[in-house]
Amino acid sequence: MRPTALYRLYRALSAVALPFAARTAVKKLRKAGVPVARAHERLGHATIQRPLGRLIWFHGASVGEAKSILPLVARIRDVAPDVQVLLTSGTATSAEAVAPRLPDGAVHQFSPLDGIGALDRFLTHWRPDLCVLVESELWPNLLDTCAARDLPVALLNARLSDRSAAGWKKYPDTAAYILRGITWAHCQDRRSRDHLRDMGLATAEQGTNLKSIQSAPRLTSQVLDAAHNALAGRPIWVAASTHPGEEEQVLAAHRTLLEAHPNLCLILVPRHPERANDILTLIGKAGLSVAQRSSGDGLDSNAQVYLADTMGETDLWYALSPIVFLGGSFSDVGGHTPFEPAAAHTAILHGPNYANFAEAYAAFKLQDASVEVRDSTALADEVDTLLTHPSRAAQLANNARPLAPTGTEALDQIAQRLFSLMDDHGMDRHA
């Protein structure tokens, strides 16, 4: 199949733009404290040696995508310890969230930019036997380069919005060319499956949403007991994965709640901890006292807001609080996964914008397992109800818990499918 004129144009423009994109990407990582050598991984320069044996390359753009495959990575290493795993992501936040949680035999690198030079350097060094793209990472140069190298590609937990699909469908020949190397697409919902099939990807199938499969809890009873002791009986609620424009509404709700619950503590967990200074300013403008996790402040502080601006502790906040508001749902982000707080047995509140998890939230609504709130006033009213009537919070948590399975059957099915893709392409030359 010959490349289309539109793809040739994209390839030419990406070559021109690559130096500028590289400068921006490296600068962003450096600002987040990433060492210069590691920041240059975005240009395809590896910082560690390739391990021996067959290797699966997983790519998830940011925190949610990268975290969603951790249970699968762990399962692959359990059932096939001879298979090595490389996980790439594009942000410092995602690296901090997933790198410490990877099992032995799995490593993290920052993903190469979608430029031919960066991709060639990356693939020449790592020589993966299979490329697995998570959710919606359909980068044209990446897919074309993999196809040219006869490297099989799978889409995992694929999600394609109506808007994205409409854009691809305007150029069916280019879509067919770009997608030609994808050998299997595991879709998290029916909408994405139908879109991909309409685009000519006959192997698209609907499967279990990986974000519904939770890893075994990593919290020890000692850690949880220490947190409870530090709070000394103070009532709490959590606002998690908040984005710009949402903290103002959460803080407004908390100010209202303090009138009836003067000892109440809000644990505020921004999606991107590097926004901490901006959020501290908002808390100050709201006239609320604050303690900051990254500064070493403990939960024994009497502050009205506890800014949890660290990575890798979401499990603790979910387990600690009987009530969680999930951010990304008061903004146009499209919501965040309800499965993690469901597994932690906490009552879930969310805003009206959750297109990323439409089917999941429909199931939660059907089971009376979450509550939608339209704005800060409704959020304050609902948190007040749950604080005043803890039995209602417990009911919501009990209804949500079965919706977040921890079984391995779905993971085993996906792992075996990925192994078969490697075998079908005879990609065991490194064994």
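**Close-up views of a predicted model**

**Figure 1. Glu135, a buried residue in a loop.** Glu135 has a relative accessible area of 2% and is therefore buried. The model shown here and in the views below is predicted. The residue occupies the loop that runs between strand S4 (130-134) and helix H7 (140-148). Its backbone is notable for a positive phi of about 70°, although Glu135 is not a glycine. Most residues other than glycine have a negative phi. Glu135 also belongs to the lining of the largest cavity, which is the subject of Figure 3.

**Figure 2. Helix H7 and the loop that follows.** Helix H7 is mostly covered, with seven of its nine residues buried. The buried residues are Pro140, Asn141, Leu142, Leu143, Asp144, Thr145 and Cys146. Just after the helix, Asp150 adopts a positive phi of about 55°, and this residue, too, is other than glycine. Asp150 is located in the loop between H7 and strand S5 (153-158). Is Asp150 buried or partly exposed? With a relative accessibility of 48%, Asp150 counts as partly exposed, whereas Glu135, in the loop between strand S4 and helix H7, is buried at 2%.

**Figure 3. The largest cavity and its lining.** A search of the whole structure yields one cavity of 30 Å³ or more. The volume of the largest cavity is about 30 Å³. Which residues line the largest cavity? The lining comprises Glu135, Ser136, Leu138, Leu155, Ala158, Arg159, Leu160 and Leu196. By class, five of these lining residues are nonpolar, one is polar and two are charged. Glu135, with its positive phi of about 70°, is one of the lining residues.

**Figure 4. The salt bridge between Asp144 and Arg11.** Asp144 and Arg11 form a salt bridge in which the closest N and O atoms are 3.4 Å apart. The pair links distant parts of the chain, with Asp144 in helix H7 and Arg11 in helix H1 (residues 5-31), 133 residues apart. The partners differ in their cover: Asp144 is buried, with a relative accessible area of 6%, while Arg11 counts as partly exposed at 36%. Arg180 joins Arg11 and Asp144 in a network of salt bridges. Across the whole structure, 17 salt bridges are found.

**Figure 5. The salt bridge between Asp423 and Arg54.** In this salt bridge, the closest N and O atoms of Asp423 and Arg54 are 2.9 Å apart. Asp423 lies in helix H19 (residues 409-424) and Arg54 in the loop between helix H2 (36-39) and strand S1 (55-59), so the pair ties together parts of the chain that are 369 residues apart in sequence. Which cover does each partner have, buried or partly exposed? Asp423 is partly exposed, with a relative accessible area of 45%, and Arg54 is buried, with a relative accessible area of 13%.

**Figure 6. The salt bridge between Arg417 and Glu205.** The side chains of Arg417 and Glu205 meet in a salt bridge with an N to O distance of 3.6 Å. Arg417 is placed in helix H19 and Glu205 in strand S7 (residues 204-206), so this pair ties together parts that are 212 residues apart in sequence. Arg417 counts as partly exposed at 30% relative accessibility. Glu205 is partly exposed as well, with a relative accessible area of 33%.

**Figure 7. A nonpolar surface patch and the tyrosines Tyr171 and Tyr177.** Leu6, Leu9, Leu13 and Tyr171 form a nonpolar patch on the surface, and together they have about 390 Å² of accessible area. Tyr171 is found in the loop between helix H8 (162-169) and helix H9 (172-178). With a relative accessible area of 46%, Tyr171 is partly exposed. Tyr177 lies in helix H9; at 5% relative accessibility, Tyr177 counts as buried. How many Å separate the C-alpha atoms of Tyr177 and Arg275? The separation is 40 Å, for residues that are 98 apart along the chain.

Key: Residues are numbered from 1 along each chain as its sequence is written. This is a predicted model: local features need pLDDT of at least 70, side-chain atom pairs count only at pLDDT 80 or more; totals for chains, interfaces and linings use all residues. Side-chain values use heavy atoms; hydrogens and water are left out. Helices (H or I, at least four residues) and strands (E, at least two) are DSSP runs, numbered from the N terminus. Buried means under 20% relative accessible area, exposed over 50%, partly exposed in between (1.4 Å probe, protein chains only). A salt bridge is a side-chain nitrogen of Lys or Arg within 4 Å of a carboxyl oxygen of Asp or Glu. On a 1 Å grid over the protein atoms alone, a cavity is a set of points where a 1.4 Å probe fits but cannot get out, and a pocket is an open set with protein on both sides within 12 Å along at least five of seven lines; lining residues have an atom within 4 Å of a point. Grid points are joined across faces, edges and corners, and a volume is the space filled by probe spheres set on the points. Ala, Val, Leu, Ile, Met, Phe, Trp, Tyr, Cys and Pro count as nonpolar, Asp, Glu, Lys and Arg as charged, and the others, Gly among them, as polar. Patches are made of residues with over 30% relative accessible area and no salt bridge: like charges are joined within 9 Å, nonpolar side chains (Val, Leu, Ile, Met, Phe, Trp, Tyr) within 5 Å. Accessible areas come from the Shrake-Rupley method with a 1.4 Å probe; for residues, only the protein chains shown count as cover.
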